[in-house]
Structure formats: structure tokens, C-alpha cells
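Okay, thanks for coming, everyone. I'd like to walk you through a structure that's new to most of us, so have a look at it first.

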Amino acid sequence: MYLKLIFKNVVKNIKDYGIYFFTLMISVAVFYSFNSIESQPVIKAAQNSNGNMMKTLIPMIHLISWFVAIMLAFLIIYANQFLLKRRKKELGIYMILGMSESRMSGIFVGETLIIGIMAMIFGMGIGVIMSQGISMFAIKMFAYDLSEYRFAFSMDSFKETMICFAIIFVAVMILNVITITKVKLIDLLTASRKNERMGVEKTGMFVIVFLCSLILFGLAGYLLYYKNGLSFKTKEPAIVVVAICVGTAMLIYSISGVVLKLLQKNKKWYLKGINSFLVRQISSKIQTNYLTMTVVSLLLTGTICIISVGMGMASSMNDMVKNATPFDIVLYKVEKGVNESKESFYDDLQAHGMELDKAVTDYEIITSRIDKTFTYKEILSDTEHLAPVDVDDVDSPVTIISVSDYNADMRLQGKEEITLADGQYMINSNYRGTDKNIQAKYDSKPEITVGGTKLVPANDTVLHNTYYLTVVGMNDKGTVIVPDSVAETLDIDLHMFVGMMNPDYDEQTINGNIINLYGDVIDSQYSGYTKGMIQAGFYGTFAVAAFVACYIGVILLIICVALLSLQQLTETNDNVYRYQLLGKLGVERNVQNSALFKQIMMYFGVPLVVACIYAAAGLPKVVQKIKDMLAMEVGSRASVIIILMVVIYGSYFLITYFSCRRIIAEKKGRSDID
């Protein structure tokens, strides 16, 4: 009998469970899809080989997932509390009919279990589909071959998702039992009569609070844009954060009162139809829940920035890793006062066990040289405003290579060669920290002296090619290209072996050979890297950060909209009598629905508008700060944010509207019957 009652209740209240079910389903889908990327064959292969970034990413995703699960658990419990509140009167009727607390608890535990199982089934189905897209996104982000993608299902992630959400469901069931056993009959029967207080503050106070919020925003803007408010060496970032948080709360609280008073002065519009009801209803909701709306606004701002920068970083990483790794391998040998020939360098590498004749299909040996009297300050226009990491290089000798070596490097890459006449030079640079600085100096057509020979620029623009690999990405802070006759008079700094790997040669073997080549790492003449090492090391670190940022951003977005939805559903359930009163006064149902739609749209819209304004104002500064810290180009992706907002934010908005409309219609019907 009770089992039959449980199923009937689930069917009868299926619409009440809308937000709860949708939140559960999306949470399960996101949790599974992000945790399942390790099942993708190409990523699994990378993890089992030299994929250090995968060995970092996978455990990090699992660790963060349990932190995410805790946040989702609180969200699901909050949603469950709404359901209990929604059905308190039903519980009271059960109690009047003599049903024991254990039976009532069993009914709600059974309903929670059924809804949980349904959400798990649908969520896993959506998660499997989502995981394929996320796997392709990860493959592209980490610069693997997308053609290696295969449809995959992760049994380990499935088990982890089952265990995680089973724990959450058990916690929800226990909380339901505790809540039901503690409630009193009088509270259950009068729960629907409770309501929030309408604000009655005077207009002057709203104006004062509004002006104070503008002052705080002005302070934050001044510190952010004119005082380098993102410099973590000062207290200014903390002041900016506090000013924005407090200013947002004050703005949201006061704006409703200010707008209400302004609209009330327009008697013709305010007294038309049910505009007075709508305006006061919206004002009351905002004043009552301004703290919730403030938190959601700030979380949404963080979500927009995190996802936008994360996706932009991922895209930038892909472009940069291609530009920074035109070769598969580079090997260096520092010449300590000995001008060794290129042929001797190759034989030396072979003697150290590099097996270049087997491992490499094509290669070039480039020789870099130096003139100790020719330093970087000769090619920089401004040496006072360099990043701290670049200041020490100002008095260091500039790297110099011959035009024939540079052209050999370009031929290996399949790029266009350059031409230099006697007495001419060019500069190559791909390092963001000095590139514009060098170009500014180059624009003045400076004459330089290298090895006692005077040289003039051969072109108008600094070249931006990559002619060697470095573990920190594109790091050519400026290389001067000179005629061969000039280069031959200079001391050799180091030899560079750049080559293309034989696809049949085991990369693990070449990596091991490079490590053996180092010998005494503290004082070694040798060093070297493969493309895989650079991808897994430097770029892998940022790619992992970008992937994790996207994961956290999506979770924050779900939490934000779920909070808004549950808050609005709770308020509608508590204040439904106001719409009942409109019906008794003769207001048509479609007019009531229109007012409800506008009310919910404002409730969802205010935090979104605030977040978009904050993101538009602050995101450029955040991106610029990241560029300065990492000395690399980092973009942002607004299109991804728009898609997520339309899909997730829009879905919650529509579900909330239709659920609230049904609550009002249902209560109105019961009132008519009574």
C-alpha cells in the first residue's frame, strides 16, 4: 500500500520535483563527463607514456570532483528543503490521519530514492554524450591528434559517480527523516501563510545607500584602472574586492527602492493595469533577497571570467604550442671556449648514445655566436619598463647567428628564406616581453656594430619565427641575423641540433637518451628537449589549469542558477495568496502570468546584467594581468559563455517560470474549491 502511495506521489508531484530533478540530472552529467576523459584512448596512451600533464590532470580532476560533490551536495539538500516546505501541508494531513512519523519518513525516502534513480539514469545518459564532446575538447586543447578520438565509456567514472551521488542521496534521506520527526502539526498546517516583509524604508535612505554604492564602485574603478589594483604586492586588490562586494549589495538593495519611487511619480503608468502590483512585487523580492542576488551576481562574474579566460587560454595554448614547436627535438651544447665544428658536434651526440641516425629523419645544426661588447640594451628602445624577469638580460650579450644558419633552419620548417647583403642585418624575436620594445627601436633604423663591422637594417619589421625549442615556450628575446662573413669572426656560444623525429622511433627512448646526455646536470654542457616534453611541461601546466577552470566555471554556473530558481520557487510558494487576490479582483489569468514572467525575468536578469557589466569592465584587466605574468597571449571566448548561458541559464529560467505558474494555478484552484 505504502509503495503504491509512493509511486502515486511521485507521479502527482513530478512537476514539483522539476528543479530538483533537473539539478540532479545536470550535476550527474557534468560530474561523469569531466571525470571520464581518462577513458579516451589517446589520453590514456598519453597518460601511460610521457604525458606528464595527463598524470597531473587526471588526479587533479578526481580531487576537485569530490570538492565539487560537496558543493553539489549542499545545493541538492537546499533543493530538497524546498520540496519539504512545499509539501508541509500534505505532511500535516498525513499526521491528522494518524500516520506515524516512520511511515511518513518512509514515503519521502522512497520518493527521494525514485527521483534519484531517475536522475541518475537520465544524467548518465546525458553525461555519456557530453563526455564525448569534452573528450574532443580535451584532445584539441592538449594538442593531440583529433583523428585518434574514439567513442568511450568509463566504467571507473561510472562507479565513482554512482558512489558519490549515492552518498548524497543517503545524506538527503537522513536529513528528511530528521526534519519530518521534528516538525509540529501546527507548523505544517500554517506553513503556507508565512510571507516576507514588504520594505517600508524611506526614499532618502535608498538614495543615500545608492550614492554610497557609486562611491565604492568609483573607488574600485580608480584602484583597478589607475593605481594598478591587481598588483598583489599591495593591499589594493583586497580593497577592490571588498568595495565591489559591499557596493554590489548596496546597489541591488537600493536600486529597487529608488526605481519604485521614480515609477510611483509617473501616476499615469504606475496606476495602469497591475503595474503597481508588479513594481511593488519586484521591489519586495529584491529587497528581501538582495544578499542572495549579490552572491549570485559575484559568482556569475567569477563564472564568466573563469570560463572565458580558461577557454581563451586553451585556444591560445593550441596556437602557441604549434608556433613554439616547429621541430620534434632540439639538442644544445655550450661551447666553453672551444670552437667545435658542426660535424664534431653531431659525432659527439652520437657518442653519447643519442642514436640520431635512427631517431631523426631530417635535421640541421645551427651555431649561435656572441659579441661580448654587443648587449641587449643596443636593440631595446626602453630598458626601464621591462618585466622583472627580463631586467637582468639588458647587459647580457645578444644572440647572433649567420644568415645561412637561419635560412637552413627556415628550410627545415618549410618557410621562406631571407636575403642579406654585406653591411646589413635583421632581428628575429618571438618573445612577448621584448618584441614590441625591439620593434620600437628597430623603427628608428639603428646602425649597430658587430665584431667591428657596422651594419644597418635590411628591412622594416622584426621577424617573428621560431628557430629553436625552449622549455618555457617562445623565448627568443632577440636574435641578430648577420652575414656569414661577420658571424665567422665571432666566438661560438653554443651549437643547436634541431630535427624531425622518426615516427617509428620510441619517444620514451629518446627522452631517456636526453636525460643521460645531461650527465652532471649542475655543470653540464648539454641540454635538450622534445616537442612532447615542452607540451607536457610548460604548455601542459596551463592547459591543465584551463581545463580545470572550465570545469569549476560550469559547476559555479549551475549553482548560481539553481539558487535563483529555488529562491524564486520558495518565494512564489510563500506569496501565492497575492496572485489569488488578483484573481478575485478579476485580473485575467494571462495578465497574471505576464506579471509573473516579468517578475522572474527581473529576478534572473538583475544578477546576470550586473555580472556582465562587471565582467566587461574587469575581464580586460584580468586578461592583461595574466598576459604580463605569463608573458604570453591569452584571449577570451565570449561565444562559449553565451552558449552556456542560453542552455543552462535559459533552461533554469523557463523551468522556474512554468513551475511558479503551476504553483499559482494549483493554489488558486484549491482556494476556489475551498
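Before anything else, one term: I'll say that two strands pair if DSSP finds at least two bridges between them. Keep in mind too that this is a predicted model.

So, the overview. The chain has 24 helices and nine strands. Of its 674 residues, 52% are buried. And if you take contacts between residues at least 6 apart in sequence, 84% of them join residues at least 24 apart.

Let's go to the strands, and to β4 in particular, residues 424–428. How many of the five residues of β4 are buried? Four of them are, so to speak, tucked away, and the strand is mostly covered.

Now, who sits beside β4? One partner is β6, residues 453–457, and there the pairing is parallel, with two bridges. If you want to find it on screen, look for Q424, whose bridge partner in β6 is V456. Another partner is β7, residues 479–482, and that pairing is antiparallel, over three bridges. There you can look for M426, which stands opposite I481 of β7. While you're looking at strands, a general reminder: in a regular strand, side chains alternate between the two faces of the sheet.

Okay, over to the helices. I'll start with α10, residues 236–265, and α12, residues 275–288. Their axes come within 8 Å and cross at roughly 165°. Angles over 145 degrees count as roughly antiparallel, and that's why we call α10 and α12 roughly antiparallel to each other. The crossing of these two is left-handed. What makes the contact on each side? From α10 you have I252, Y253, S256, G257, L260, L263 and Q264, and from α12 you have V279, R280, S283, I286 and Q287. Sorted by class, the residues in this contact of α10 with α12 come out as six nonpolar, five polar and one charged.

Stay on α12, please, because there's another neighbour to show: α22, residues 576–584, whose axis comes within 13 Å of the α12 axis. Those two axes cross at roughly 175°, so α12 and α22 are roughly antiparallel as well. Here F277, Q281 and S284 of α12 meet R578, Y579 and L582 of α22. By class, that contact has three nonpolar, two polar and one charged residues.

That's my tour. Happy to rotate the view if anyone wants another look.

Methods
Residues numbered from 1 in each chain as written. Predicted model: local features only at pLDDT ≥ 70, side-chain atom pairs only at ≥ 80, totals over all residues. Heavy atoms only, no water. Axes fitted to C-alpha atoms, helices over the stretch in contact; angles between N-to-C directions. Helix = DSSP H or I, 4+ residues; strand = E, 2+ residues; numbered from the N terminus. Parallel < 35°, antiparallel > 145°, perpendicular 65-115°, else oblique. Left-handed = near helix turned anticlockwise from the far one by under 90°. Contact = heavy atoms within 4.5 Å. Nonpolar A, V, L, I, M, F, W, Y, C, P; charged D, E, K, R; others polar. Buried < 20%, exposed > 50% of the residue type's maximum accessible area, 1.4 Å probe, protein only.
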